[in-house]
2 protein chains.
Amino acid sequence: MSRRIQILRRATEVFERQGVNRTSIEDIANAVGIKREAIYYYFKSRADILLKIILPQSTSLVMGLGAIINSNLPAEQKLEAAIRNHLDRFNPNYLEMTVALREDHFLEDESKAAELRGVWNEYTHLWTRLIEEGQEHGIFKPGLDARMVANGILGMCNWMSRWYDPGKSIPIDKILEIFFTMVAHGIVDPAAAASRPAAPKKPARARKAAPKD
Amino acid sequence: MSRRIQILRRATEVFERQGVNRTSIEDIANAVGIKREAIYYYFKSRADILLKIILPQSTSLVMGLGAIINSNLPAEQKLEAAIRNHLDRFNPNYLEMTVALREDHFLEDESKAAELRGVWNEYTHLWTRLIEEGQEHGIFKPGLDARMVANGILGMCNWMSRWYDPGKSIPIDKILEIFFTMVAHGIVDPAAAASRPAAPKKPARARKAAPKD
DNA sequence: TAGGATTTTTACGGCCCTGTAAAAAATTCC
DNA sequence: GGAATTTTTTACAGGGCCGTAAAAATCCTA
């Protein structure tokens, strides 16, 4: 394995363990077993290392989603596949995702930060389209702001970077099942709802505001 | 307004704008209009300031949820109220939440970090109980791991710290409505589902694994 | 308005991290 | 096995931020 790759691997581990902002180049060098300055032979800064870790992972994520959207699966299965595409990246072998998502603002170089931001914007945009298309086909409920739905789903998935522990937590498959059920059909049991007053299509109104309606 | 409070307010703003780890005590002092060292008269470190900002906000969040759980609302309304309790903290006037959630690992002092972690653990635990009780009452679907459901909802809400822009984004009420609908009833239109093959209670099986069943 | 308490500033020492450049070591290739 | 290339180390200069302690300024209050 080339030294360059080795550095990226070790760096990922250290970033994941200590957090990016509390990791110096020396920490990475120690993990590899070389002097700090040797790192500069391969990368020009810590931000550079970080980008090399995150960017491929992010673009692959986007491409995966793109393929799903372009498939001819029904909307509901696209939704499931899209969530899986995202969750699979938290696979024990891939720490990149946790590193990429746990913190923010770590790229001091604005042009690099912009590049990464662009990828994520595209990803969010694709998700929004997936929702919109489902609505247009009459599969998903109309009236829900697609962008916000996308934000919600992404939040659900991305937040895993804060609590998911590859060794200890539930297997990814199980999480996928739960998240998909939640988003697609909700956690309220329709059987129970049927026997009660009436299942409102819209949620109960806000209690604080809205004097009228 | 006491200088102490003033420092906390400005610090919150700067933290929110630049991110915690890229903010020095000097930055805060500049925002207040005093010399860096004067800060030490009121706080012993940056971590101290941070904790004073986050801890009250977090405990108030927990207490709000506690009150909702102890109320005698039906489970579904508890769920909505709990989401609202959380989302309301992203109110334009309160930047604490974004600061608290945007990054991680910022407390170098382990005892302080543990204190904060404890509060959040309690919060997650309460959420889990809310879900469990709903299941026990037959309102929520059985079989979904309550802890994971809680993680999902919290992720959805917490991730707002990454994209919600008080001035620009949709009003909180609207987001609440969408998020609640998603979690409670899902985004799949039941009307459409009725006319199709058959609405499966469980999500379609994973396509990769599971050779049997 | 003088004396005491509070608040802010000046002065200073120290640690850690960054990044460049040149020398040394290791390797690869005839 | 010796020269050329690649890789690693040594040497060094600089900057940023931290936190303490003592002095100065400001604010009360009697």
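How many salt bridges does the structure hold over all chains? The count is 14. The model is a predicted one, and every value below was computed from it. One of these bridges joins the side chains of A:Glu133 and A:Lys78, with 3.9 Å from N to O. A:Glu133 sits in helix 6 of chain A, residues 110-136, while A:Lys78 sits in helix 4 of chain A, so the bridge ties together parts that are 55 residues apart in sequence.

The fold of chain A is described next. Chain A contains 10 helices and 0 strands. Its pattern along the sequence therefore reads α-α-α-α-α-α-α-α-α-α. The C-alpha trace of chain A spans about 70 × 40 × 35 Å along its principal axes.

Chain B offers a detail within its own fold. B:His185 belongs to helix 9 of chain B, which covers residues 172-185. The side chain of B:His185 makes a polar contact with the side chain of B:Glu76, at 3.0 Å. B:His185 and B:Leu126 are 59 residues apart along the chain. Their C-alpha atoms are separated by 22 Å.

How are the two protein chains related? A rotation of 180° superposes chain A on chain B. The shift along the rotation axis is 0.0 Å, and the RMSD is 0.0 Å. The two copies are thus related as by a two-fold rotation axis. The same surface serves both copies, since 98% of the contact residues of chain A recur in chain B.

The contact between the chains takes 66 residues from chain A and 65 residues from chain B. The size of an interface is often given as the accessible area lost when the parts come together. Between chain A and chain B, the buried area is about 6,200 Å². Carbon and sulfur atoms give 60% of this area. Across the interface, the rule finds 0 salt bridges. Polar contacts, by contrast, are present: 17 residue pairs are counted between chain A and chain B, with both residues at pLDDT 80 or more.

Which elements of chain A give two or more residues to the side that touches chain B? They are helix 1 (3-18), helix 4 (75-87), helix 5 (96-102), helix 7 (146-158), helix 8 (160-163), helix 9 (172-185) and helix 10 (190-194). Helix 9 of chain A gives the most, with 11 residues. By class, this side of chain A has 31 nonpolar, 13 polar and 22 charged residues.

Both protein chains also lie near the DNA. Around DNA strand C, chain A supplies A:Ser24, A:Ile25, A:Arg36, A:Glu37 and A:Tyr40. Chain B supplies B:Arg3, B:Ile34, B:Lys35, B:Glu37, B:Ala38, B:Tyr41 and B:Tyr42. By class, the surface near DNA strand C has 6 nonpolar, 1 polar and 5 charged residues. Sugar and phosphate account for 56% of the strand C atoms that come within 4 Å of the protein.

Individual atom pairs show how strand C is approached. A polar side-chain atom of B:Arg3 lies 2.5 Å from a phosphate oxygen of DNA strand C. A polar backbone atom of A:Ile25 is 3.3 Å from a phosphate oxygen of this strand. B:Glu37 faces a base instead: a polar atom of its side chain lies 3.3 Å from a base nitrogen of DNA strand C.

DNA strand D is also surrounded by residues of both chains. From chain A come A:Arg3, A:Ile34, A:Lys35, A:Glu37, A:Ala38, A:Tyr41 and A:Tyr42. From chain B come B:Ser24, B:Ile25, B:Arg36, B:Glu37 and B:Tyr40. Sugar and phosphate make up 54% of the strand D atoms that come within 4 Å of the protein. The surface near DNA strand D has 6 nonpolar, 1 polar and 5 charged residues.

Which side chains of chain A have an N or O atom paired with a phosphate oxygen of DNA strand D? Among them is A:Arg3, at 2.5 Å. A:Tyr42 places a polar side-chain atom 2.6 Å from a phosphate oxygen of DNA strand D. For A:Tyr41, the distance from a side-chain N or O atom to a phosphate oxygen of this strand is 2.9 Å.

Definitions and conventions. Residues are numbered from 1 along each chain as its sequence is written. Chains are lettered from A and ligands numbered from 1 in the order in which they are written. Side-chain values use heavy atoms; hydrogens and water are left out. Contact means heavy atoms within 4.5 Å. Buried area is the accessible area (1.4 Å probe) that two parts lose on being put together, summed over both. A salt bridge is a side-chain nitrogen of Lys or Arg within 4 Å of a carboxyl oxygen of Asp or Glu. A polar contact is a pair of N or O atoms within 3.5 Å; within protein, one must be able to donate a hydrogen and the other to accept it, and residues adjacent in sequence count only if both atoms are side-chain atoms. Helices (H or I, at least four residues) and strands (E, at least two) are DSSP runs, numbered from the N terminus. Ala, Val, Leu, Ile, Met, Phe, Trp, Tyr, Cys and Pro count as nonpolar, Asp, Glu, Lys and Arg as charged, and the others, Gly among them, as polar. A residue is near a molecule or strand if one of its heavy atoms lies within 4 Å of it. Copies are superposed by least squares on the C-alpha atoms of residues with pLDDT of at least 70 in both.
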